[in-house]
Structures are given as C-alpha cells and as structure tokens.
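Let's take a friendly walk through a protein model and look at how some of its side chains meet. Have the sequence and the 3D view ready as you read.

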Amino acid sequence: MIKNTSTFKLTALAVITPLLFTACTSTQSNNQQSDALVPATKFDLSQWKINVPVDLNNDGKIDTIDVEEIQTYSHPDFFYLDELGYMVFTSPNKALTSANSTNTRSELRQMIRGSNTKIKTNNPGNNFALAAHPLAEKFGAEGGKMQATLKVDHVALRAKNSDRDAAFSVVVGQIHAEKNKALVAENSGFGWGNEPLKIYYKKWPNHKTGSVFWNYERNLPKADPDRTDIAYPVWGNTWENPNEPGSEGIALGEDFSYTVNVYKNTMYLTFTAEGKPDVNYSINLANNVDAYGKVDKKDHPLGYAGDSNYFKAGAYNQCSTKDAPGRWYAACLGTGDWSTDKQNGDYAQVSFSKLELSPATPPTK
C-alpha cells in the first residue's frame, strides 16, 4: 500500500438536498405482489433503498423506494425475485431517469442509517468516509465491504452510435461520492459527486461472450477535460476494444462474483468466476496513485479523501437513447413502452444470487 502523507483541512461539512428527479412514464403496476416475489424475503435489504424507472405516484419523478418500504416491495417488470431466487433488476433504454442523467436504472443505494429517517440521505451519518477524512468519526462508517454474485441476463442490442464506449453495456456495482455544493463552493477539491468505482459488463450484439471491467473516475470538476474514467480489465476487454473476447469473456447468464473492500484508505477488489482466473486489484483512494502503482498527475492529489461515499448495486443501463457527441451517448433505441422495448431487446437486465454489506476487513496476505 502506498501511503499518502499529504494533509488538508475542510472548513465545513455540509450536506446537499436530495437529488431532484425528472421525466414521467405511463408504466403501470400492481405493487401488491406475493411474498415469493419480494426480494427482501430472501436478501437483507435493511440498508438499501432503490430507484426504479417508473412514476407510479404521479409526482413527475423517478420512484424511490426507501428502506422501510422496500421490505415489502417488488415491481413485476423491474425489481423482483425470479423462480430461482435471483433478485432481478431490469432497466429499459428509454424510461424515467434521475436528474442530470440520460441513463435509466433499477439500482439500489446503500443507506447506512437503515430506517432511521431522522438521519438525512446525504448526511455523513448515512455514508462512509476514508480513514484520511479529517472528520471520519462523524460518518456512519469508515469504509465498508460489498460482496455480490450475479449474472447479466441481457444488454441492449441496438444503438445508432454503436462505436461509442457506453453502447451495449451495464454497470452492476458502484461506489459513488456525494454531490456537495458547500464543499465545491469552498474550492476544497471535493464534493463533485464522482465515482471511484463502476463495475461494467459489455457485450457487442454479434459476440458470444462479453467483458467485465471496472472504471476509476478522476476526482475533478465536471468541466475539467481530464475528468475521465480509467478502465481496468477483469475478463475480456475494456470498453474501447471491439474484439470478440471469446473464452476469456463472460457469457450472458454466466455467474460471476465481486468483492469491494474499502479498508482504511484502500479499495481492494476481487473478481471470481468458475473456470476463470481470479482477478485482484488495489488502489489507494486517498492519493493519485493508480491501480498499477503509477502516479496520475492529472488526478486529484488526494483522490476521494474529502468525500462522502456510498455503495450502489443493480442494473444501471449505460445505453442512453440520447444522440449527441461524446462517449456516453450511443443513441440506443427505445420507445418508452415497456412491452415493445422488451420485445425489441432494448433493455438491460441483471440478476443477483448474493448481495451483502458488511464492515471493511483487513486485506488477507
């Protein structure tokens, strides 16, 4: 582990108001599902809430199901237990999105507070910090661990800009930093709401297997041209490589596992799958040394040391229907009518057989 000897001082620790959500949908559903379909009957969801790409309460926002409600919640199309006991997340290419995003999601968000809503979502008590944070003791946790076993059932099949990096891909796990306008205003270098971890699966339509890789986003302002994702391969290729990964890749419906262990200041990643070599990475999130041990002069010198963080898991569909310049806008097809889009294959679906949160643990030698 490379230690970061830099120090800094934050003059305030503020929280931002909950994100606003936009768009609307005509999707309808009966949420009174049998217990067999409710994911919380099998999975411990006592520290998770979920966003689903519908607006059943007609408030003009993407639906957010908090910790208490998710214990009895399922959606027959987008969040449910299947007949094998997998927790299924489905996200159409075209549907409701959260504010400032063109990508749809059926995705869990870590809630360290559990059902204690006296602690606001963006409050430090509901999120975790690195050990390097000067106010780490005020957070709900120092680091943490997320373990998952899953399979990707489907990724989007049609994109006008099929050469764009994000086409035909889905994010199945994340660490997200909180957006914090007060920290941004202080010019502290933190509070931008970037992502030190995004775990991707991508499969081109004509390939037999897809690729698993993970990205680290430089912790810089959105307008900074150096704010970009650095991709690290797991099985197969990273997103810019259109070659068929063959036997080195992961097929749709093939189980694989990941462990994300943020201990002290370091993120330890382990990826396993039957018949595949285990893949391990470690990266200090409190400096600008990359996962290969090289200093990245373009990254924030203190990484994410001053940020408030949380885990996410599910199906964050990267196949945006937006048609615009840039690597993120693949102009994937979709109508917004779920029955039509499902028939056309314009969606992503991910199924978990395991998803667990726990405190961080020291890395094994």
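## Charges that hold hands

Arg105, Glu107 and Lys312 are joined in a network of salt bridges. Keep in mind as you explore that this is a predicted model.

Let's look at one link of that network. Between Lys312 and Glu107, the closest N and O atoms of the salt bridge are 3.2 Å apart. Lys312 belongs to strand S18 and Glu107 to strand S7 (residues 105-110), so this pair ties together parts that are 205 residues apart in sequence. Are these two partners buried or exposed? Lys312 has a relative accessible area of 6%, so it counts as buried. Glu107 is buried as well, because its relative accessible area is 1%.

How many salt bridges does a search of the whole structure find? The count is 15. Here are three of them, side by side:

| Salt bridge | N to O distance |
|---|---|
| Lys312 and Glu107 | 3.2 Å |
| Arg109 and Glu178 | 2.4 Å |
| Asp296 and Arg218 | 2.8 Å |

In the second row, the side chains of Arg109 and Glu178 meet at 2.4 Å, N to O. This pair links distant parts of the chain, with Arg109 in strand S7 and Glu178 in the loop between strand S11 (169-177) and helix H2 (181-185), 69 residues apart. Both Arg109 and Glu178 are buried.

In the third row, the salt bridge between Asp296 and Arg218 has an N to O distance of 2.8 Å. It also links distant parts of the chain: Asp296 sits in the loop between S17 and S18, while Arg218 sits in the loop between strand S13 (211-217) and strand S14 (229-235), 78 residues away. Asp296 and Arg218 are both buried.

## Strand S7 and its neighbours

Strand S7 has come up more than once, and it deserves a visit of its own. How many of its residues are buried? In S7, 6 of its 6 residues are buried, and the strand is mostly covered. You can check this face by face: Arg105, Glu107 and Arg109 lie on one side, Ser106, Leu108 and Gln110 lie on the other, and all are buried.

Which strands pair with S7? Strand S2 (residues 48-52) pairs with S7 in the antiparallel sense, over 4 bridges. In that pairing, Asn51 stands opposite Glu107. S18 also pairs with S7 in the antiparallel sense, here over 5 bridges. Lys312 in S18 is the bridge partner of Arg109. Lys312 therefore has two links to S7 to look for: the strand bridge to Arg109, and the salt bridge to Glu107, which ties S18 to S7.

## Rings that meet

Now turn to the aromatic side chains. The structure holds 18 aromatic pairs. In one of them, the rings of Phe89 and Phe352 have centres 5.4 Å apart and planes at 75 degrees, so the pair is edge-to-face. Phe89 lies in strand S5 (residues 87-92) and Phe352 in strand S19 (residues 347-358), so the pair ties together parts that are 263 residues apart in sequence. Phe89 counts as buried because its relative accessibility is 0%, and Phe352 is buried too, with a relative accessible area of 0%.

What about the rings of Tyr281 and Tyr292? Their centres are 6.4 Å apart and their planes are at 55 degrees, so this pair is tilted. Tyr281 lies in strand S17 (residues 279-284) and Tyr292 in the loop between S17 and strand S18 (309-317), so the pair ties together parts that are 11 residues apart in sequence. Tyr281 counts as buried, at 12% relative accessibility.

Rings can also gather in groups: Tyr73, Phe79, Phe89 and Phe352 form one aromatic cluster. Charged groups can meet rings as well. The charged end of Arg109 sits over the ring of Tyr310, 3.6 Å from its centre. Lys151 lies over the face of Tyr86, 4.6 Å from the ring centre.

## A leucine in a loop

Our last stop is Leu333, in the loop between S18 and helix H3 (338-344). With 28% relative accessibility, Leu333 counts as partly exposed. Leaving aside residues up to four places away in sequence, Leu333 touches Asn93, Arg158, Lys160, Thr321 and Asp346. From Leu333 to Ser320 the C-alpha to C-alpha distance is 8.4 Å, and the two are 13 residues apart in sequence.

Key. Residues are numbered from 1 along each chain as its sequence is written. This is a predicted model: local features need pLDDT of at least 70, side-chain atom pairs count only at pLDDT 80 or more; totals for chains, interfaces and linings use all residues. Side-chain values use heavy atoms; hydrogens and water are left out. Rings of Phe, Tyr and Trp (its six-membered ring) pair if their centres lie within 6.5 Å; planes under 30 degrees apart count as stacked, over 60 as edge-to-face and the rest as tilted. Buried means under 20% relative accessible area, exposed over 50%, partly exposed in between (1.4 Å probe, protein chains only). A charge sits over a ring if NZ of Lys or CZ of Arg is within 6 Å of the ring centre and within 35 degrees of the ring normal. Contact means heavy atoms within 4.5 Å. A salt bridge is a side-chain nitrogen of Lys or Arg within 4 Å of a carboxyl oxygen of Asp or Glu. Two strands pair if DSSP finds at least two bridges between them.
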